[in-house]
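Work through the exercises below with the sequence and the 3D view at hand. Each task is followed by its solution in steps.

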Amino acid sequence: MSELVVPSLLWFCAIGSGIMGGVYFAFSFFIMASFARIEQSEGIAAMQSINRVIVRSLFFPLFFGTTLASAALAVLALMQWEAPGSAIMFAGGLIYVVGMFVCTAAGNVPLNNALDAVDPQSDAAVSVWENYLEKWTRLNHVRTAACVIASILFVRVLMVS
């Protein structure tokens with residue numbers, strides 16, 4: 001069974017983490033910079049809309065599916081540590097889960113919630129938006145790197161298997 005499960009999970013994680021990395025890359029390197037250049041209330045409203053739409057899109061199943069599959073690969077790697085590529089597979093799973101999922105849950109989501117609670121036209125929005133742009137983007141860089149590194153590691157395991 002492992003002969004089919006592990007390669008299937010590796011392919012899913014390699015592609016899924018690559019897609020997730022691409023989404024995060026876009027936000028890190030041009031979407032957030034674009035939002036910072038437009039009227040603050042428009043940037044806030046746009047990001048609030050994205051945060052509401054994204055949880056009802058295909059992004060969400062891919063977000064959780066890739067996280068669960070990466071965690072499963074890390075556990076499977078520990079269970080078959082002597083197999084070729086197990087250390088790389090473990091590293092890929094761990095980097096993805098911690099660098100993408102934990103970073104999102106502990107950092108980006110609370111920032112999204114704080115942004116969602118603010119009226120884009122209010123005086124309080126200024127400090128919330130400035131804090132959001134800086135911290136959210138920095139955390140997003142971490143997610144981007146984690147996804148890309150994990151994708152590379154999962155492909156590397158597929159190459160040695």
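**Exercise 1.** Does Ile19 count as buried or partly exposed, and what relative accessibility places Ile19 there?

Solution. The model is a predicted one.
Step 1: find Ile19, which lies in helix H1.
Step 2: recall the limits, under 20% for buried and over 50% for exposed.
Step 3: the relative accessibility of Ile19 is 44%, so Ile19 counts as partly exposed.
Step 4: look at the neighbouring surface, where Ile19 joins Trp11 and Ile15 in a nonpolar patch of about 330 Å².

**Exercise 2.** State how many helices and strands the chain has, and describe its overall extent.

Solution.
Step 1: count the elements, which gives 5 helices and 0 strands.
Step 2: write them in sequence order, and the pattern reads α-α-α-α-α.
Step 3: enclose the C-alpha atoms in a box along the principal axes, roughly 60 × 25 × 20 Å.
Step 4: take the surface, where the accessible area of the chain is about 8,500 Å² and carbon and sulfur atoms hold 70% of that area.
Step 5: turn to burial, for which the chain of 161 residues has 41% buried.
Step 6: consider the contacts with a separation of 6 or more, of which 81% are between residues 24 or more positions apart.

**Exercise 3.** Identify the helices that supply at least two residues each to the largest nonpolar core.

Solution.
Step 1: start from the core itself, which has 21 residues. The members that touch the most other members are Leu10, Met20, Tyr24, Leu73, Met89, Met100 and Phe154.
Step 2: assign the core to helices; H1 (2–37), H3 (59–79), H4 (86–116) and H5 (124–160) each supply at least two residues.
Step 3: find the main contributor, which is H1 with 7 residues.
Step 4: examine one member, Met89. Apart from neighbours within four places in sequence, the contacts of Met89 are Val6, Leu10, Leu73, Leu76, Ala77, Gln80, Phe154 and Val157.
Step 5: note a second, separate core, which has 13 residues, among them Met32, Leu111, Trp129 and Tyr132.
As background, nonpolar side chains in soluble globular proteins tend to be buried together.

**Exercise 4.** Classify the ring pair of Tyr24 and Phe59, then that of Phe27 and Trp136.

Solution.
Step 1: the total to keep in mind is 12 aromatic pairs.
Step 2: for Tyr24 and Phe59, the ring centres are 6.2 Å apart and the planes stand at 80°, so this pair is edge-to-face.
Step 3: place the two residues; Tyr24 is in helix H1 and Phe59 in helix H3, so their pair ties together parts 35 residues apart in sequence. Tyr24 and Phe59 are both buried.
Step 4: for Phe27 and Trp136, the values are 5.7 Å centre to centre and 65° between the planes, again an edge-to-face pair.
Step 5: this second pair links helix H1, which holds Phe27, to helix H5, which holds Trp136, across 109 residues. Phe27 and Trp136 are buried.
Step 6: extend from Tyr24 and Phe59 to their aromatic cluster, which also contains Phe60, Phe63, Phe64 and Phe101.

**Exercise 5.** Locate the 2 salt bridges of the structure and say which helices they involve.

Solution.
Step 1: one bridge joins Asp116 and Arg52, with the closest N and O atoms 2.4 Å apart.
Step 2: Asp116 lies in helix H4 and Arg52 in helix H2, so this bridge ties together parts 64 residues apart in sequence.
Step 3: check accessibility. Asp116 is partly exposed at 37%, and Arg52 is partly exposed at 41%.
Step 4: the other bridge is between the side chains of Arg138 and Glu134, at 2.9 Å from N to O.
Step 5: Arg138 and Glu134 are both in helix H5, 4 residues apart, which is about one turn of the helix.
Step 6: Arg138 is partly exposed at 46%, whereas Glu134 is exposed at 51%.

**Exercise 6.** Describe the surroundings of Ile54.

Solution.
Step 1: Ile54 belongs to helix H2, which covers residues 40–54.
Step 2: its relative accessibility is 22%, so Ile54 counts as partly exposed.
Step 3: leaving aside neighbours within four places in sequence, Ile54 is in contact with Phe59 and Phe60.
Step 4: compare with Arg156, which is 102 residues from Ile54 in sequence and 30 Å away in space, C-alpha to C-alpha.

Notes. Residues numbered from 1 in each chain as written. Heavy atoms only, no water. Core = buried A, V, L, I, M, F, W, Y, C linked by side-chain atoms within 4.5 Å. Buried < 20%, exposed > 50% of the residue type's maximum accessible area, 1.4 Å probe, protein only. Contact = heavy atoms within 4.5 Å. Patch = residues over 30% accessible without salt bridge, like charges linked within 9 Å, V, L, I, M, F, W, Y side chains within 5 Å. Areas by Shrake-Rupley, 256 points an atom, 1.4 Å probe, with all protein chains shown as cover. Salt bridge = Lys/Arg side-chain N within 4 Å of Asp/Glu carboxyl O. Phe/Tyr/Trp six-rings, centres within 6.5 Å; stacked < 30°, edge-to-face > 60°.
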